[in-house]
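Please open the structure in your viewer and keep the sequence beside it. The tour below suggests what to select at each stop and describes what is found there.

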There are 2 protein chains.
Amino acid sequence: MKYLLEISFLGTAYFGFQVQKGKDLPTVQGTVQDAVNAVFGRRYPVTGCSRTDRGVHAKQFFVTVDPGVDRITIPTEKIPTAMNAALPDDIAVKSAVTVPDSFHPRYTEMEKEYIYVFDNGGTRSPFDAGRAYYVPRPIREDLMDEAARKIEGKHDFTSFMAAGSKIVDAVRTVKSCRVRREGDRVILTVSADGFLYNMVRIIAGTLLAVSDGRISPDEVTDIINARDRSRAGSTLPPDGLYLNRVTYF
Amino acid sequence: MKYLLEISFLGTAYFGFQVQKGKDLPTVQGTVQDAVNAVFGRRYPVTGCSRTDRGVHAKQFFVTVDPGVDRITIPTEKIPTAMNAALPDDIAVKSAVTVPDSFHPRYTEMEKEYIYVFDNGGTRSPFDAGRAYYVPRPIREDLMDEAARKIEGKHDFTSFMAAGSKIVDAVRTVKSCRVRREGDRVILTVSADGFLYNMVRIIAGTLLAVSDGRISPDEVTDIINARDRSRAGSTLPPDGLYLNRVTYF
């Protein structure tokens with residue numbers, strides 16, 4: 001038996017989710033492990049559903065906590081409150097359930113949804129610093145959405161993968177890729193069965209190039225087919241990126 | 001001629017708006033003055049529309065910048081961009097206009113609207129840390145709104161003023177005082193011709209006591225009439241407080 005914890009975090013203060021071996025950097029995983037130690041009295045292994053980069057946020061994220069054969073006396077429903085008392089303000093546990101030992105939060109089949117948030121309210125918002133990517137010029141969300149829909153479907157996304165990635169199979173199925181405006185914010189939402197390294201940040205940069213008129217919406221299909229990272233737009237900063245939803249099948 | 005700048009700021013890092021004499025503490029006013037120095041080459045006086053406490057935010061706030069008899073060569077419409085380049089991420093200038101020398105941003109007749117934001121989504125949100133007041137138990141926004149409406153009107157608000165304030169005349173006219181829920185957030189909105197020290201945070205604490213059943217909505221009228229600070233609820237933390245709108249007449 002393991003615990004599956006649903007968490008959320010503001011990534012600004014962290015060097016990503018994953019503990020980096022040999023480096024003493026603040027990570028979400030390390031911080032959750034410290035809280036596990038405080039609550040359970042032992043450093044039971046904490047495993048995440050995804051790697052995330054420095055400064056990336058998660059509205060929904062899952063971790064397992066594996067107590068092995070130990071008997072845990074704390075009732076499962078009390079774990080969120082206990083963990084939240086031990087965690088800093090920028091990480092919270094929303095729920096806890098038990099799952100079989102065989103459950104792995106990363107290698108279980110799942111769909112993930114990311115959002116990328118642009119701050120496009122004329123002047124930059126002090127409330128969006130570190131939480132959205134500020135674009136001073138007016139964004140054409142209609143053009144971005146038109147281009148975004150061409151990313152939907154099963155494709156080889158080599159053009160949207162960080163150069164130098166060691167992934168052999170870059171085929172992923174993007175279930176939905178859409179752009180909408182909500183007041184001063186423009187929001188890109190992408191869901192898929194899996195993501196390549198920096199994929200959403202490169203999609204965001206490519207769609208911004210479409211908004212700016214440097215790439216036409218139709219050209220996005222050519223960029224996908226080229227399987228060439230240099231054809232797509234730039235990798236936007238992590239500030240606007242949120243893991244928004246994780247659904248296990 | 002003076003400049004009137006519309007600004008907004010996240011107050012978390014500041015000891016309030018006002019520079020505190022003899023203390024080397026970060027303030028919004030001091031930070032804006034540094035930016036004025038960088039942009040105009042001189043420390044022209046910066047005057048704010050309101051005092052704010054440590055950790056309080058402003059979605060809309062006005063300051064004047066007074067260059068005296070100096071001739072300013074920078075076009076007024078370029079001032080926001082120039083100031084924003086010199087300001088940290090948590091303060092932004094939204095617009096700049098010129099006003100007569102006689103204009104004072106604080107003593108000109110105005111209406112101010114504050115909001116107080118409660119985080120009431122079950123578990124605390126990492127995205128609301130420092131930006132909302134987390135209440136773990138379910139808030140009864142219906143009862144709070146019923147009580148809030150009794151605060152509307154022209155009253156002596158001594159009961160809702162920080163004890164020890166030197167204000168002689170505590171009569172203020174509250175134009176509107178309402179509470180509503182928006183998803184996981186409960187929002188108190190109060191507009192008035194003027195506010196006493198800690199008035200909104202004490203109103204928020206009193207309404208939360210109503211939600212908790214410790215004060216009945218009808219009792220709020222008695223609390224106003226008592227003119228006694230000890231009758232009202234506690235002063236809630238600054239985290240949830242935003243100066244939301246300032247309207248000059």
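Begin in chain B of this predicted model by selecting helices α1(B) and α2(B), where α1(B) passes α2(B) in a right-handed crossing. Helix α1 of chain B covers residues 28-40 and helix α2 of chain B covers residues 79-86, and the two pack at an angle of about 115° with their axes 9 Å apart. To see the residues that meet here, show the side chains of B:V32, B:A35, B:V36, B:A38, B:V39 and B:F40 on α1(B), and then those of B:I79, B:A82, B:M83 and B:A86 on α2(B). Colouring this contact by residue class gives 10 nonpolar residues, with no polar and no charged residues.

Move next to chain A and select helix α1, residues 28-40, together with helix α2, residues 79-86; their axes come within 9 Å and cross at roughly 115°. The crossing of α1(A) and α2(A) is right-handed. On α1(A) the contact is made by A:V32, A:A35, A:V36, A:A38, A:V39 and A:F40, while α2(A) brings A:I79, A:A82, A:M83 and A:A86 to it. Which classes of residue make up the contact of α1(A) with α2(A)? By class there are 10 nonpolar residues, and neither polar nor charged residues take part.

Now display both chains and select the residues where they touch, which are 22 residues of chain A in contact with 22 residues of chain B. Between them, chain A and chain B bury about 1,700 Å², of which 56% lies on carbon and sulfur atoms. Highlight A:R124, A:P126 and A:F127 within this selection, since these residues supply 42% of the area that chain A buries against chain B, more than any other three residues.

Stay at the interface and look for polar links between the chains: the rule finds 10 residue pairs in polar contact, both residues at pLDDT 80 or more, but zero salt bridges across the interface of chain A and chain B. Selecting by element on the chain A side, you will find that β1 (2-9), β3 (57-65) and β4 (91-99) each give two or more residues to the side that touches chain B. Of the elements, β4(A) gives the most, with four residues. Sorted by class, the side of chain A that touches chain B has 12 nonpolar, four polar and six charged residues.

For the last stop, turn to salt bridges, which come to 32 over all chains by this rule. Select A:R178 and A:E152, which form a salt bridge whose closest N and O atoms are 2.7 Å apart. This pair links distant parts of the chain, 26 residues apart, with A:R178 in strand β8 (residues 171-182) of chain A and A:E152 in the loop between α3 (141-148) and β7 (153-156) of chain A.

How values were computed:
Residues numbered from 1 in each chain as written. Chains lettered and ligands numbered in written order. Predicted model: local features only at pLDDT ≥ 70, side-chain atom pairs only at ≥ 80, totals over all residues. Heavy atoms only, no water. Contact = heavy atoms within 4.5 Å. Buried area = accessible area lost by both parts, 1.4 Å probe. Salt bridge = Lys/Arg side-chain N within 4 Å of Asp/Glu carboxyl O. Polar contact = N/O pair within 3.5 Å; in protein donor to acceptor, adjacent residues only side chain to side chain. Nonpolar A, V, L, I, M, F, W, Y, C, P; charged D, E, K, R; others polar. Axes fitted to C-alpha atoms, helices over the stretch in contact; angles between N-to-C directions. Left-handed = near helix turned anticlockwise from the far one by under 90°.
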